[in-house]
Amino acid sequence: MPTPRRIAAIDVGTNSIHMIVAELQRRGHRVVDKEKEMVQLGLSSLDGAPLSEDAIQRGVAAITHMAEVARGWEVEEIIAVATSAVREAPNRREFLRRVKEASGVKVRVISGEEEADYIYRAIRSAIDLGGGTSLCVDIGGGSVEFIIATASEIYYTASEPLGSLRLAERFREDVEGCRRFAAGQLRKVHKQVRQLGIDQCIGTSGTIQALASLITPPFTRDALEELFGRLAGTTEKERVERFGIEPKRAATIVAGAAVLLAIMETLSIDSLIVCPAAIREGIIIAQASAKTDRTANALRRTSVLALAQRSDCDRRHARHVAHLASRIFDQTTRLHALPSTAKELLEHAAMLHEVGMHVSDRGYHKHSYYLIRHAALRGFSDDELAVIANVARYHRKSEPDDDHENLAELTAAQRGDVEKLAAILRIAEALDRSHRQAVRDVAVRLNGNVKFFVRARSKASVEIAAAAKRARYFASLFEKKVQFEEV
């Protein structure tokens, strides 16, 4: 009998460090072991202060122990990520070095966006999101992650410094001040919730789980208000004795309740669905998915990457354009009605759209077509190569025209696919016109017309203007008015 494939995921949070060991199965995974320690890495070391020596020692010891447990399960891989406390710490390199030396585990510090993506994957695996739009809330020790998403796509993410440990230290006994402060920090999230609209709210994290254990279902705002009133008038010792709260959690639970209450009040949320899955489950799901993708598409992706490397094109730009194109494809399926297999061809065309610059920067899109069409890329049929080459050909300049000889090789159905995919690629490529990844993501809303919400990490006025110009073909092809808005 073959040995089961197992992976361990360690979440190095501000308040707690968690680990799960999961056995990968044909469909999904099965958790076979769990570990948790409330290390409180962020204690007295948030808002720009370094991690304390005591906190570093606690963190190193916890991760070393968890690594030993994971290796006892003969895991293939230990994936460890760190969030708010380590992300903000000026001495994070020292902490990461000591963890690696003591445990052999390389901890990766992730951004708020990546943290949100893992949380979303976890929630989607545990909760039926249905056909509506959900607001997902994760209250950590250092930050609160907000995700607005459907079952298939994320529309908005935000990471706000409103974690329970952070605010417990800042406000101490001033619970009403904590609540008012949290409400004041939610203006941007409130705007997005109002603009995008939500059908339900889902909460995850140790703080929300602890609060939920003290509320008789359903979890409503009124019930939380009543619980908050009871908790706010107690000492830490009384919270442990009367409510059965863990001693370390007792120090932060009131701040956590104040933050959640502010969120529900400010965003007009009457009830909350409590989700048991969290970031570590999301890590397992993402890793399992990546392994499957690598196995299924290795030959095709390897041959595409080889051509990109030979042409010496900007592969970082190409990957980002492929990401943006993929995001637009997924969010406009109701409009273009293409099969999921077309998405892969679009991604390959995006990866190779600039290979023609190896020949000349003048008319390079035409050179890209020629190189792709005649590169004998392994794993593709001739029809697939024709589509990829033509999509890359039309990522800029002229639109598909009956006079173009390269279109003669396509059937009517293939030409329709090329037109739709090229319309998407033109927008995606324009959104990284500067090649500096100023636009980190894009959300698309279909509501009669098409609106692109551009999420920028730096000034992106040039990219948005270019995308609006390139979108004219998209608008004409789908007979829709197209708008762009930076969020």
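Helices here are DSSP runs of H or I, at least four residues long, numbered from the N terminus. With that in hand, helix α6 of this predicted model is a handy place to start. R179 and E176 sit three residues apart in α6, so about one helical turn separates them. The two side chains form a salt bridge, with the closest N and O atoms 3.8 Å apart. As for their surroundings, R179 is buried at 12% relative accessible area, while E176 comes out as partly exposed at 38%.

Helix α6, residues 175-184, also takes part in an aromatic contact, through F181. Its partner is F171 in helix α5 (residues 164-171), ten residues away in the chain. The two ring centres lie 5.4 Å apart with the planes at 50°, so this pair goes down as tilted. Accessibility splits the partners: F171 is buried because its value, 17%, falls under the 20% cut-off, whereas F181, at 26%, is partly exposed.

In total, the structure holds four aromatic pairs. Another of them sits inside a single helix: F474 and F478 are both in α20 (residues 461-478), four residues apart, or about one turn of the helix. Their ring centres are 4.7 Å apart and the planes meet at 55°, so this pair is tilted too. F474 is buried, with a relative accessible area of 0%, and F478 is buried as well, at 12%. Neither ring stands alone, as F474 and F478 join F452 and F484 in one aromatic cluster. A ring also turns up in a contact with a charge: the charged end of R445 sits over the ring of Y155, 5.8 Å from the ring centre.

Back to salt bridges, of which the count comes to 33. Helix α20 appears again here, since R470 lies in α20 and E429 in helix α19, so their pairing ties together parts of the chain that are 41 residues apart in sequence. The N to O distance in this salt bridge is 3.0 Å. E429 is buried at 5% relative accessibility, and R470 is partly exposed at 21%. Some of the bridges share partners, and in this way E53, E94, R97, R98 and E101 are joined into one network.

A further salt bridge pairs R373 with E409, the closest N and O atoms being 2.9 Å apart. R373 belongs to helix α17 (residues 364-373) and E409 to the loop between α18 (382-393) and α19 (412-430), so the contact ties together parts 36 residues apart in sequence. The arginine, R373, is buried at 14% relative accessibility, while the glutamate, E409, is partly exposed at 33%.

That leaves the empty space. The largest pocket holds about 2,000 Å³. Its lining comprises 43 residues, and R121, H323, S326, R327 and E347 are the ones nearest the pocket centre. By class, 20 of the lining residues are charged, twelve are polar and eleven are nonpolar. Helix α13 (279-311) is among the elements that supply at least two residues each, and α13 gives the largest share, ten residues. The other elements on that list are α4 (112-126), β8 (154-160), α14 (315-331), α16 (340-352) and β12 (439-447).

The second largest pocket has a volume of about 560 Å³. Its lining is made up of 37 residues, with D11, H18, S205, G206 and R280 nearest the centre. Two or more residues each come from β2 (17-24), β3 (29-37), α4, β6 (134-139), α8 (206-212) and α13. Helix α8 provides the largest share of this lining, four residues. Sorted by class, the second largest pocket is lined by 17 polar, eleven charged and nine nonpolar residues. Helices α4 and α13 thus turn up in the linings of both pockets.

Key: Residues numbered from 1 in each chain as written. Predicted model: local features only at pLDDT ≥ 70, side-chain atom pairs only at ≥ 80, totals over all residues. Heavy atoms only, no water. 1 Å grid on protein atoms, 1.4 Å probe; cavity = no way out; pocket = protein on both sides within 12 Å on 5 of 7 lines; lining within 4 Å. Points joined across faces, edges and corners; volume = space filled by probe spheres on them. Nonpolar A, V, L, I, M, F, W, Y, C, P; charged D, E, K, R; others polar. Phe/Tyr/Trp six-rings, centres within 6.5 Å; stacked < 30°, edge-to-face > 60°. Buried < 20%, exposed > 50% of the residue type's maximum accessible area, 1.4 Å probe, protein only. Lys NZ or Arg CZ within 6 Å of the ring centre and 35° of its normal. Salt bridge = Lys/Arg side-chain N within 4 Å of Asp/Glu carboxyl O.
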